[in-house]
Amino acid sequence: MQKAKILLVDDRPENLLALEAILSALDQTLVRAASGEEALKALLTDDFAVILLDVQMPGMDGFETAAHIKRRERTRDIPIIFLTAINHGPHHTFRGYAAGAVDYISKPFDPWVLRAKVSVFVDLYVKNCQLKEQAALLRLQLEAGRGEPALGGALLGELSARLAAVEEQAEALGKQLDGAEDAGVAATAAHLERKLVGLRRALDAMRPGSS
């Protein structure tokens, strides 16, 4: 499985360096962007598991950058965690959530907490990538099963086993998230669960004797 990419957006090099030090233990690919414009360019070509976005930046600030990200079909579902050195109270925080953030963290933040939050979104991203692979195999199964029943049955069995492994991992992740108060994490996990259920139903419907 290819490493997940995490986009770090901050106009201050020292802040980017600090984020890299905190997140390096996750062993994922960390991509820097020194401005909102750079972040949008990076999002044109690469897929990211999560975006850590500084609020206070010259030119295009974090809120404006997030608005652009959420307007794009390709990027609108990427989780955004806002990081800010200032706190203007509930109204400022609400503006962050209204811009599409799944979390809003004030600096200085606890490195362990930030790493744990990012880790959850990386895990969800990896499970979604695995799910896409199973869907691709399902399409191959449909094609193969049309003219080769025996081959189709073998592929169906293999695909079912692969899906079961993803379901098991997703269930374990769900137990870790049980009771989590983070609405963004809960929504992303629920989206993954719905995809798994849909794919399992499609597989079951293809079995011999199913109605």
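**Exercise 1. The two faces of helix α2**

Determine which exposed residues lie on the face of α2 turned away from its buried side, and which residues of this helix are buried.

*Solution.* Step 1: The face of α2 turned away from its buried side carries Lys41, Leu44 and Thr45, which are exposed. Here, exposed means over 50% relative accessible area, buried under 20%, and partly exposed in between, with a 1.4 Å probe and protein chains only. Helices (H or I, at least four residues) and strands (E, at least two) are DSSP runs, numbered from the N terminus. The model is predicted: local features need pLDDT of at least 70, side-chain atom pairs count only at pLDDT 80 or more, and totals for chains, interfaces and linings use all residues. Residues are numbered from 1 along each chain as its sequence is written, and side-chain values use heavy atoms, with hydrogens and water left out.

Step 2: In α2 (residues 36–45), the buried residues are Gly36, Ala39, Leu40, Ala42 and Leu43. Viewed down the axis of α2, these buried residues fall within an arc of 160°, so they line one face of the helix. The arc is that of the directions from the helix axis to the C-beta atoms. An α-helix has 3.6 residues a turn, so residues three or four places apart point the same way.

Step 3: The buried residues of α2 pack against β1 (5–9), β2 (29–33), β3 (50–54) and α3, where contact means heavy atoms within 4.5 Å.

**Exercise 2. The sheet**

State the order of the strands in the open sheet and identify the edge strands.

*Solution.* Step 1: The open sheet has 5 strands in the order β2-β1-β3-β4-β5, with parallel pairing. Two strands pair if DSSP finds at least two bridges between them.

Step 2: β2 and β5 are the edge strands, since each pairs on one side only. From one strand to the next, the twist averages 20°. Axes are lines fitted to C-alpha atoms, for helices over the stretch in contact, and angles run from 0 to 180 degrees between N-to-C directions.

Step 3: The parallel strands β1 and β3 are joined by 4 bridges. Leu7 stands opposite Ile51 in β3.

Step 4: Helix α1 packs on the sheet and touches β1, β2, β3 and β4; its direction makes about 170° with that of β2. Helix α3 also packs on the sheet, touching β3, β4 and β5, and its direction makes about 175° with that of β4.

**Exercise 3. The aromatic cluster**

Find the aromatic pairs of the structure and explain why the pair of Phe63 and Phe82 is edge-to-face.

*Solution.* Step 1: The whole structure holds 2 aromatic pairs. Rings of Phe, Tyr and Trp (its six-membered ring) pair if their centres lie within 6.5 Å; planes under 30 degrees apart count as stacked, over 60 as edge-to-face and the rest as tilted.

Step 2: The ring centres of Phe63 and Phe82 are 5.4 Å apart and the planes stand at 75°, so this pair is edge-to-face. Phe63 is in α3 (residues 62–71) and Phe82 in β4 (residues 80–84), 19 residues apart.

Step 3: Phe63 is buried at 6% relative accessibility, and Phe82 is buried at 0%.

Step 4: Phe82 also forms an edge-to-face pair with Tyr104, at 6.0 Å centre to centre and 70° between the planes. Phe82 lies in β4 and Tyr104 in β5 (residues 103–106), so the pair ties together parts 22 residues apart in sequence. Tyr104 is buried, at 10% relative accessibility.

Step 5: Phe63, Phe82 and Tyr104 form one aromatic cluster.
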